[in-house]
Amino acid sequence: MLRFFPSRILRATQQASRPDWGKTLNLPRSSFPARPSAAQLETYRAKCADDLYQWQLESRNDGSDDKFVLHDGPPYANGAVHAGHALNKILKDIIVRSKLGSGKGVNYRPGWDCHGLPIELKALQAQKEKSKESGEIAAPSMSPLKIRRKASQLAGRTIEEQKKEFRSWGVMGEWDNPYKTMDRDFEIRQLGVFREMVKKGKTEPRERSTADSSSIDWCCRSHFPRSSSCPLVSVFSHRSG
C-alpha cells in the first residue's frame with residue numbers, strides 16, 4: 001500500500017534548489033539606475049526646468065519678435081495646492097515647452113492673486129482656530145487694517161509653499177521673480193490703469209440700491225459709495241506730475 005508522509009514531502013520541497021527565473025529573462029544590461037535617488041531627482045529637475053529656462057533666456061533673448069509670452073492667470077494665495085493647480089500649471093508648462101521646442105524664446109512669469117474675500121476669510125478662520133486653542137470663548141474682533149495685515153502675512157507664507165510645490169513638478173518659469181498683486185509697484189500700475197479708464201469714460205458712478213449699509217461698494221462700471229459723485233473720479237482725472 002502506497003503511503004504518503006506530508007512532512008517528508010515538505011522537507012524535500014524546501015531543500016530542493018529553486019530555479020532563478022530572473023536569469024532566464026533576456027534583458028539588456030545597463031548601469032543606469034532603475035529609479036533616481038532623491039538627490040538625483042532634484043538635480044534632474046533643476047537641469048530640465050530652471051537651467052533650461054535660464055539657458056533660453058540667455059541664448060534666445062536677442063530682441064527679435066520671435067518670442068512667446070504666456071501671461072499667468074494667478075491662483076489665490078490662500079491654501080495648499082490641489083489637483084486644479086496641477087492641471088493648470090502642467091498644461092501651461094506643456095505649452096511653454098512646445099513653443100521652446102519650436103525654436104522660440106519663451107517668457108513665463110508666474111504670479112499670485114493676494115487680494116480678495118477668500119484670503120480674508122482664511123485669515124479670519126485662522127484667528128478663530130487660534131482663539132479656540134487658547135481657550136477663548138469667542139474670537140476677538142479685528143479691525144479692517146488688522147485683517148488686511150493678517151491676510152498679507154497669510155498670502156506671503158502661502159506663496160512660498162505653493163512655489164515650492166510648483167517647482168517640484170518641474171514647471172519652468174521665472175520663479176525667482178514672480179508678480180504678486182500685493183506688491184506696491186503692481187498696485188500703483190493698477191491705479192494708473194483705473195485712472196485711464198475713468199478718463200476714457202469706462203466707469204459709471206452710481207448709487208448702490210441696497211438696505212445693507214455695510215455691503216461692498218463696487219467701482220469699475222458698477223457702483224460707487226452713496227453720493228452724487230465719487231471723489232476718486234476727480235482724483236484720477238488729473239494727470240500725475
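User: Let's start with the second largest pocket. Which residues line the second largest pocket?

Analyst: Bear in mind that this is a predicted model. The pocket in question has a volume of about 210 Å³. Going along the chain, its lining is made up of C114, H115, G116, I119, E120, R148, A151, S152, M182 and E187.

User: And which element gives the largest share of that pocket's lining?

Analyst: Two helices, α4 (117-133) and α5 (144-168), supply at least two residues each. The largest share is three residues, and the element they come from is α5.

User: How do the residues of that lining divide by class?

Analyst: The lining includes I119 and M182 as well as E120 and R148. Ile and Met count as nonpolar, Glu and Arg as charged. Over the whole lining of the second largest pocket, the split is four nonpolar, three polar and three charged.

User: C114 is in that lining. Is C114 buried or exposed?

Analyst: The cut-off for buried is under 20% relative accessible area. C114 has a relative accessible area of 6%, so C114 is buried.

User: What about C48: how does C48 count by accessibility?

Analyst: Buried stops under 20% and exposed begins over 50%, with partly exposed in between. C48 comes out at 48% relative accessibility, so C48 counts as partly exposed.

User: How many disulfides does a search of the whole structure find?

Analyst: A disulfide is a covalent bond between the sulfur atoms of two cysteines. The test here asks for a pair of cysteine sulfur atoms within 2.5 Å. Run over the whole structure, the search gives a count of zero.

User: Now cavities. What is the volume of the largest cavity?

Analyst: The count of cavities of 30 Å³ or more comes to one. As for the largest cavity, its volume is about 30 Å³.

User: How many charged residues are in the lining of the largest cavity?

Analyst: The lining consists of R60, N61, D62, G63, S64, D66 and K67. Arg, Asp and Lys count as charged, while Gly goes with the polar group. By class, that lining has no nonpolar residues, three polar ones, and a charged count of four.

User: Where is Y76, and which residues is Y76 in contact with outside four places in sequence?

Analyst: Y76 sits in the loop between β1 and α3. At a relative accessible area of 36%, Y76 is partly exposed. The C-alpha atoms of Y76 and A155 are 8.3 Å apart, with their positions 79 residues apart along the chain. Leaving out neighbours within four places, the contacts of Y76 are D113, H115, P118, I119 and Q162.

User: H85 is in a helix. Which residues does H85 touch, not counting those up to four places away?

Analyst: H85 belongs to helix α3 (residues 83-101). H85 is buried, with a relative accessible area of 11%. Beyond four places in sequence, H85 touches P75, A80, Q162, F166 and W169.

User: Over to H71. Is H71 buried or exposed?

Analyst: H71 lies in strand β1 (residues 67-71). Its C-alpha is 7.7 Å from that of P110, which is 39 residues away in sequence. The cut-off for exposed is over 50%. With a relative accessible area of 62%, H71 is exposed.

User: Stepping back, in what order do the elements of the protein run?

Analyst: The protein has seven helices and four strands. Read from the N terminus on, the order is α-α-β-α-β-β-α-α-β-α-α.

User: What share of the contacts with a separation of 6 or more is between residues 24 or more positions apart?

Analyst: One such pairing by contact is Y76 with Q162. For the protein as a whole, residues 24 or more positions apart account for a share of 69%.

User: Last one: what percentage of the exposed area do carbon and sulfur atoms supply?

Analyst: Of the 241 residues, 24% are buried. The protein exposes about 17700 Å², and the carbon and sulfur part of that is 56%.

Methods
Residues numbered from 1 in each chain as written. Predicted model: local features only at pLDDT ≥ 70, side-chain atom pairs only at ≥ 80, totals over all residues. Heavy atoms only, no water. 1 Å grid on protein atoms, 1.4 Å probe; cavity = no way out; pocket = protein on both sides within 12 Å on 5 of 7 lines; lining within 4 Å. Points joined across faces, edges and corners; volume = space filled by probe spheres on them. Buried < 20%, exposed > 50% of the residue type's maximum accessible area, 1.4 Å probe, protein only. Contact = heavy atoms within 4.5 Å. Areas by Shrake-Rupley, 256 points an atom, 1.4 Å probe, with all protein chains shown as cover.
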